[in-house]
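Trainee: I have a structure open and would like to learn how to read its features. Could you walk me through it, one feature at a time?

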Amino acid sequence: MSIVAFVKPLVERFPRIAALYRGMREELSFSEQPSPTSWGFKLAGNPLMSSGDFEPEETEIVRNLLSQADVLVNVGANIGYYCCHALSMGKEVIAFEPMQSNIRFLCKNIEANDWSCEIYPIALSKEIGILKMYGGGTGASLLKGWAGSSDNYTLVPCSTMDTVLSKRLEGKKVLFVVDVEGAEKWVLEGCPEILSIDPKPTWLIEIATTEQQPIGVKVNPLLADTFKLMFDAGYEATTADKFQNKVTIGDVKIAKEGKKTVLDSTHNFIFR
C-alpha cells in the first residue's frame with residue numbers, strides 16, 4: 001500500500017488536517033510546469049489529460065462537434081481541458097467553474113498558451129444563491145455523497161445560465177459541454193431561454209445512470225427528468241460514443257428500472 005493510500009483515509013476523518021493535506025498536494029502539483037500535448041497546446045493539472053489518456057473517445061467527439069461550432073460553453077470546466085481544445089481551434093470560450101483549486105489551473109493553462117477566454121468562478125443551477133460543493137477535483141459535486149465523497153464541503157456562489165448569458169448567444173453556433181457530476185437537471189432548469197435560442201445549441205452532457213451515485217442509490221433519481229427536460233425543449237438524444245445510438249424516453253424509463261438499454265454504453269450524451 002502506498003503512503004498516500006494509507007494516509008488519505010486517516011486525514012479525511014479530520015477536516016482541518018484533510019484541508020491541509022489537500023492544500024499541500026495542490027501546491028506541489030501547481031508548481032509543475034505545463035506539459036506539451038499532441039494537440040499543440042500546453043496543459044498543467046492532470047497528467048492523464050496532457051498525455052492524451054483522458055476520455056480519448058469523448059475528446060474526439062468534442063473536437064468533431066467543435067469543428068461545427070463558433071462558441072464553446074463549458075459548464076464544469078475543471079482545469080480547462082476542453083477549453084484548451086476549443087481555444088486551440090480558434091473558438092470563443094465561456095467557462096464556468098466554481099472550485100478555486102480548479103480555477104487556478106484553468107487560468108494557468110489559459111495563460112501558458114497566451115490565450116484569453118471568459119471565465120465565471122461560479123456554479124450554475126436553477127436559482128441564484130450559495131450552495132455546498134462536496135469533494136474536489138474532477139469529482140466535485142453539488143450532491144452529497146457523490147462518487148464516495150466525504151461530507152466535507154466548500155461554499156460556492158451560484159447563478160443560473162439564463163441570468164449570466166441571457167440572449168447573447170442568439171445567432172451563434174454554440175456547443176455546450178456540461179459535466180457537473182449529477183447536477184445536470186438543475187443546470188438545465190436554470191436556462192429555458194438558452195434552450196430555445198436560434199439556432200438551437202448542441203449539447204454534450206454527462207448524465208450518469210448508475211455510476212458515482214451516493215451510497216444506497218442504485219439508479220440516478222434525476223435520470224428520466226433530465227432527459228425529459230431536453231426532449232420537451234425539442235432536442236433529440238444520441239449516445240456520445242462510437243455508436244451514437246438514438247436514445248428515446250422509453251430507453252430512459254427502462255434504464256431507470258435498472259434494466260439494460262443503450263444508455264449502458266456511455267454516460268455522455270449528445271442533444272441536437
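**Reading strands, rings and a pocket**

Mentor: Let's begin with a pair of residues facing each other across two strands: Met133 stands opposite Thr154, which belongs to β8. Keep in mind that this is a predicted model.

Trainee: Which strand pairs with β8 in the antiparallel sense, and over how many bridges?

Mentor: That is strand β7 (residues 129-134), and the pairing with β8 covers six bridges. On the parallel side of the story, β6 is joined by two bridges to strand β8 (residues 153-159). There, Leu124 has Ser159 in β8 as its bridge partner.

Trainee: In what order do these three strands lie in their sheet?

Mentor: The order is β6-β8-β7, in an open sheet with mixed pairing. To find the edges, look for strands that pair on one side only; here they are β6 and β7.

Trainee: What is the strand order in the sheet of eight?

Mentor: Reading across, you get β5-β4-β3-β9-β10-β13-β11-β12, again an open sheet with mixed pairing. Its edge strands are β5 and β12 (246-247), each paired on one side only. At the β5 end, β4 and β5 run parallel and share three bridges, with Ala95 bridged to Ile119 in β5.

Trainee: Now for the rings. How many aromatic pairs does a search of the whole structure find?

Mentor: Eleven aromatic pairs turn up. To classify one, check the angle between the ring planes: under 30 degrees counts as stacked. The planes of Trp39 and Phe41 are at 15 degrees, with the ring centres 5.9 Å apart, so this pair is stacked.

Trainee: Are Trp39 and Phe41 buried or exposed?

Mentor: Use the relative accessible area, where buried means under 20% and exposed means over 50%. Phe41 has 1%, so Phe41 is buried. Trp39 has 24% and therefore falls in between, as partly exposed.

Trainee: Which other pair is stacked?

Mentor: Try Phe96 and Tyr120, stacked at 5.1 Å centre to centre with 15 degrees between the planes. This pair links distant parts of the chain, since Phe96 is in strand β4 (residues 92-96) and Tyr120 is in strand β5 (residues 118-120), 24 residues apart. Phe96 counts as buried because its relative accessibility is 1%, while Tyr120, at 22%, counts as partly exposed.

Trainee: Which residues form one aromatic cluster?

Mentor: Trp39, Phe41, Phe54, Tyr81, Tyr82 and Trp115 form it. Trp39 and Phe41, our stacked pair, are among them.

Trainee: Which residue lies over the face of Tyr153?

Mentor: That one is Lys132, at 4.6 Å from the ring centre.

Trainee: Let's finish with a pocket. How much space lies in the second largest pocket?

Mentor: About 660 Å³. For the lining, first ask which residues lie nearest the centre: of the 43 lining residues, these are Gly76, Thr138, Asp179, Val180 and Glu181. Then ask which elements contribute: α4 (56-66), β3 (71-75), α5 (81-88), β6 (123-124), β9 (174-178) and β10 (202-206) each give two or more residues to the lining.

Trainee: How many residues of the lining are nonpolar, polar and charged?

Mentor: The lining of this pocket has 25 nonpolar, eleven polar and seven charged residues. You can also tie the pocket back to the sheets: β6 gives residues to the lining and is an edge strand of the sheet of three.

How values were computed: Residues are numbered from 1 along each chain as its sequence is written. This is a predicted model: local features need pLDDT of at least 70, side-chain atom pairs count only at pLDDT 80 or more; totals for chains, interfaces and linings use all residues. Side-chain values use heavy atoms; hydrogens and water are left out. Rings of Phe, Tyr and Trp (its six-membered ring) pair if their centres lie within 6.5 Å; planes under 30 degrees apart count as stacked, over 60 as edge-to-face and the rest as tilted. Buried means under 20% relative accessible area, exposed over 50%, partly exposed in between (1.4 Å probe, protein chains only). Helices (H or I, at least four residues) and strands (E, at least two) are DSSP runs, numbered from the N terminus. A charge sits over a ring if NZ of Lys or CZ of Arg is within 6 Å of the ring centre and within 35 degrees of the ring normal. On a 1 Å grid over the protein atoms alone, a cavity is a set of points where a 1.4 Å probe fits but cannot get out, and a pocket is an open set with protein on both sides within 12 Å along at least five of seven lines; lining residues have an atom within 4 Å of a point. Grid points are joined across faces, edges and corners, and a volume is the space filled by probe spheres set on the points. Ala, Val, Leu, Ile, Met, Phe, Trp, Tyr, Cys and Pro count as nonpolar, Asp, Glu, Lys and Arg as charged, and the others, Gly among them, as polar. Two strands pair if DSSP finds at least two bridges between them.
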